[in-house]
2 protein chains.
Amino acid sequence: MVDAPGTPWHGPASVAVRQANLRERNLAALVAGVCRATSPPSRADLATELSMTRATAARLVDELVAAKVVDEVERERTGRGRPALALRPGSGIVAVGLAIETDRVLARAVDLRGDVVVDRVAPTASRDPESVLDALAREAREVRARLRGRRVVGVGVAVPGIVTDDGRLLRAPNLGWNDVDVAGALQPFAGRHRVLVANEADMAAFVEAEPAPGRPGDWSDFVHVSAAVGVGGSIVTGGRVVAGEHGAAGELGHVCVDPSGPACACGSTGCLERYVGLEALAAVSGLDRDDVAAGMGPRAAEGDVRCQVALEQVTHALSVALASVVNVVGISSVVLGGHLATLPPATLDAIQQRLDARVLGSRWTPVRVRAARGDDAAAATGAAHSALGDVLARPAAWV
Amino acid sequence: MVDAPGTPWHGPASVAVRQANLRERNLAALVAGVCRATSPPSRADLATELSMTRATAARLVDELVAAKVVDEVERERTGRGRPALALRPGSGIVAVGLAIETDRVLARAVDLRGDVVVDRVAPTASRDPESVLDALAREAREVRARLRGRRVVGVGVAVPGIVTDDGRLLRAPNLGWNDVDVAGALQPFAGRHRVLVANEADMAAFVEAEPAPGRPGDWSDFVHVSAAVGVGGSIVTGGRVVAGEHGAAGELGHVCVDPSGPACACGSTGCLERYVGLEALAAVSGLDRDDVAAGMGPRAAEGDVRCQVALEQVTHALSVALASVVNVVGISSVVLGGHLATLPPATLDAIQQRLDARVLGSRWTPVRVRAARGDDAAAATGAAHSALGDVLARPAAWV
DNA sequence: GCAATATGTTTGATGGTCGAACTTAAGACG
DNA sequence: CGTCTTAAGTTCGACCATCAAACATATTGC
């Protein structure tokens, strides 16, 4: 990615740095180094990578080990010289990631290595905010009860709607919620930790950008499509999720595919959601809503005409809508998530080809399309990752 | 703006910080403080604002004054106590901002205060890359000859096209250029300074985000439309310009307004550029291309039917195209630049109202539309600002 | 003229990192 | 088996930027 013209310097950077911050930042750099590494590094490896002295690296790492933010593990003999003590992200540090979906709630604990330590899903009978949030808090407590002494460092919640800075869910069309204080409802569970609430699309995108806490994914600039009942989008540049002004980065579902298309609840016509949303695809393919993700591709391959039509509809609508997006934001990589992550490779190829034809810059940087790697609870994982981000950013607070 | 879910920490932050960096960063923080301030601050003001001691602030500021990065000025007596020595960004530090347009080249020198010190414009007879770049270098040298001992700290170039990391202009449709090494051509002029090449739309957006170097504008999150012969767009979040993968953040001009509209050179149909680009508006309004910006509004007010039609066309096309953009990126503020900056207020209001009707989130955060503040050489100013950014980011290199 | 007030300056103390020497634990080789 | 080589981790004094607090300076107000 090209440098944006100059980096305005009136950001958080314009605060004085003191010696304590220096130590803080070096601790953070070390944790980042351990998380980023593909094979567990030693103190000496970190020192050379970060160009600090072994002395400093070792002293700081000792503190991190004492705080269990990183673990020392045996490393297989690698060559001559004194064998190194390899370092891995601490498995004793976890965050709780929660997610509210239209008909279920999810709660999981993820450790600094990105391993899902505890995982729970509970269907919700009613969509009443109070009962849903009660169920969510109950699952969260169940998760915490199964942690066997691991240290919880944060709580994140993924919600399908527009969110305020202070964790209120302003509007969730598919839940029918208006102005629900999600952070407030979960604060009793979180205790002194801040409850980090964000849009599920952003959370899922975050997992694609960073498959494990602090470890960058293979692409650092892409548009992420999270498809479920609603269709959302997030933009990732330089490995960072760009959230819009209300954390609903992309109302991608309401990009116009065809002005003369079917009416949408949003008041417009021919919105993307009416072509690739779960409801729409269930109707066209003839499948049950829960079977769309797994069934559409195989059925089409077996010759099911309705599923073939559904795939063609997805291909057409996505290539039209994403062409606009790619042209507008100048990012030519696309990751498809949710039930679109299970589209057959041939469909992905078709989408890519049609995008190439519609996108201006494709001659210079061809469009790339791939399926999301996260599981169907990516948003909950992302919520946990976000909460773990505090440890990566300021490990000093935990030593 | 809502925090994006967690900030991935594998960025530039994962480098060890040494004591020298500490000093560097504090120097940068002080310069930023001086630039950001609305009224010239004293050493003591800066110390309290940045929460460092007066001792440190004074010591570092002394170095900055010696290097002429900041100037000491008399401050009018404000109250009792020892009178302060006020500080302003140094007027002796300038950067040269260059711009290539379809039929002219621009060169200006801008100092750290944001004042344009020297300004030159030269029409170009041919569009041959070599002759245009020669003319540009000539104007740049003219500018430098008039600087009277001011110190040049960088060179920036705004170009109407897609740019690579190393300053090559891959493609500029309206110039008919392909793969021209702009940075290389200007390197002899720039000497040891890096030649910073970026898209004109991004450069112009930068000026809106930061009207003077280091001073944040009134909006920090907006979509910027730069309209000329081509129509470009840039996205600014958190005061930073988000450049796409090839620095052509937004090919906004090729967002589809109406699939059944007129054919566009890009191969598609009904592109925004065909409705609000200079050529299109000149044709509809019956005005000369150079008179569109200044003439369209007044003529329409006087009852010129063709100009009224043109304004209506602009209103319609912009509200359709921008609705997509606003929905996609979740940023609901729009700044119109280029010849769209002179649209009459009534037209801006009309665009805003139609956008509100089309944008989902407008109930929560209404869409705001305003005209750009920059002059018609905003891109050149932005190029200079970008180059000055080096001084703001690492003043230590200049002391 | 003197108290009050606030800016700027000097001084020694503090704390985190650097550099270099030292210790430790393995493999390599005769 | 013993010695050499290599590389990881450790110790210790030096350095340097900041801090804290006292001091010097310049103006207002009485």
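Trainee: Is Leu60(A) buried or exposed?

Mentor: Good place to begin, and keep in mind that this is a predicted model. Leu60(A) sits in helix α3 of chain A. Its relative accessibility is 2%, and the limit for a buried residue is under 20%. Leu60(A) therefore counts as buried.

Trainee: Which residues is Leu60(A) in contact with, leaving aside its neighbours within four places in sequence?

Mentor: Look around helix α3 of chain A, where Leu60(A) has its place. With those sequence neighbours set aside, the contacts of Leu60(A) are Arg23(A), Asn26(A), Leu27(A) and Leu30(A).

Trainee: What separates the C-alpha atoms of Leu60(A) and Ala212(A)?

Mentor: Along the chain, Leu60(A) and Ala212(A) are 152 residues apart. In space, the separation of their C-alpha atoms is 23 Å.

Trainee: Which residues have the most contacts inside the largest nonpolar core?

Mentor: That core has 92 residues. Beyond its neighbours within four places in sequence, Leu336(A) is in contact with several residues, including Val225(A), Leu318(A), Leu343(A) and Ile351(A). The residues with the most contacts inside the core are Leu336(A) and Leu336(B).

Trainee: Let's turn to charges. Which residue meets Arg120(A) in a salt bridge, and why does the pair tie together separate parts of chain A?

Mentor: Side chains of opposite charge can pair when their charged atoms come close. Here the N to O distance is 2.5 Å, between Arg120(A) and Glu139(A). Arg120(A) lies in strand β5 and Glu139(A) in helix α4 of chain A, so the pair ties together parts that are 19 residues apart in sequence. The partner of Arg120(A) is Glu139(A).

Trainee: Which of Arg120(A) and Glu139(A) is buried, and which is partly exposed?

Mentor: The relative accessibility of Arg120(A) is 24%, so Arg120(A) counts as partly exposed. For Glu139(A) the relative accessible area is 8%, under the 20% limit. The buried residue is Glu139(A), and the partly exposed one is Arg120(A).

Trainee: In chain B, how many residues apart in sequence are the parts tied together by Arg113(B) and Asp71(B)?

Mentor: The side chains of Arg113(B) and Asp71(B) form a salt bridge at 3.0 Å, N to O. Arg113(B) belongs to the loop between β4 and β5 of chain B, while Asp71(B) belongs to strand β1, so the parts they tie together are 42 residues apart in sequence.

Trainee: Where do Asp119(B) and Arg108(B) lie, and which of them is buried?

Mentor: These two side chains meet in a salt bridge of 2.9 Å, N to O. Asp119(B) lies in strand β5 and Arg108(B) in strand β4 of chain B, so their pair links parts 11 residues apart in sequence. Asp119(B) is partly exposed at 41% relative accessible area, whereas the value of 4% makes the buried one Arg108(B).

Trainee: Which residues do salt bridges that share partners join into one network?

Mentor: Over all chains, the structure holds 42 salt bridges. Salt bridges with shared partners make one network of Glu208(A), Asp218(A), Arg370(A) and Arg373(A).

Trainee: Now the DNA. Which residues come nearest to DNA strand D?

Mentor: There are 28 residues around DNA strand D. They divide into 10 nonpolar, 9 polar and 9 charged. The ones that come nearest are Arg54(A), Gly81(A), Leu85(A), Asn26(B) and Arg59(B).

Trainee: What is the distance from a phosphate oxygen of DNA strand D to an N or O atom in the side chain of Arg59(B)?

Mentor: Of the strand D atoms within 4 Å of the protein, 71% belong to sugar or phosphate. A phosphate oxygen is 3.1 Å from a polar backbone atom of Ala44(A), and a base nitrogen is 3.3 Å from a backbone N or O atom of Arg82(B). For the side chain of Arg59(B), the distance to a phosphate oxygen is 2.6 Å.

Trainee: One last pair. Is Arg148(A) exposed or buried?

Mentor: Most residues other than glycine have a negative phi. Both Ser51(A) and Arg148(A) have a positive phi. Ser51(A) lies in the loop between α2 and α3 of chain A, and Arg148(A) in the loop between α4 and β6. With a relative accessibility of 75%, Arg148(A) counts as exposed.

Key:
Residues are numbered from 1 along each chain as its sequence is written. Chains are lettered from A and ligands numbered from 1 in the order in which they are written. This is a predicted model: local features need pLDDT of at least 70, side-chain atom pairs count only at pLDDT 80 or more; totals for chains, interfaces and linings use all residues. Side-chain values use heavy atoms; hydrogens and water are left out. A salt bridge is a side-chain nitrogen of Lys or Arg within 4 Å of a carboxyl oxygen of Asp or Glu. Helices (H or I, at least four residues) and strands (E, at least two) are DSSP runs, numbered from the N terminus. Buried means under 20% relative accessible area, exposed over 50%, partly exposed in between (1.4 Å probe, protein chains only). A nonpolar core is a set of buried Ala, Val, Leu, Ile, Met, Phe, Trp, Tyr and Cys residues joined through side-chain atoms within 4.5 Å. Contact means heavy atoms within 4.5 Å. A residue is near a molecule or strand if one of its heavy atoms lies within 4 Å of it. A polar contact is a pair of N or O atoms within 3.5 Å; within protein, one must be able to donate a hydrogen and the other to accept it, and residues adjacent in sequence count only if both atoms are side-chain atoms. Ala, Val, Leu, Ile, Met, Phe, Trp, Tyr, Cys and Pro count as nonpolar, Asp, Glu, Lys and Arg as charged, and the others, Gly among them, as polar.
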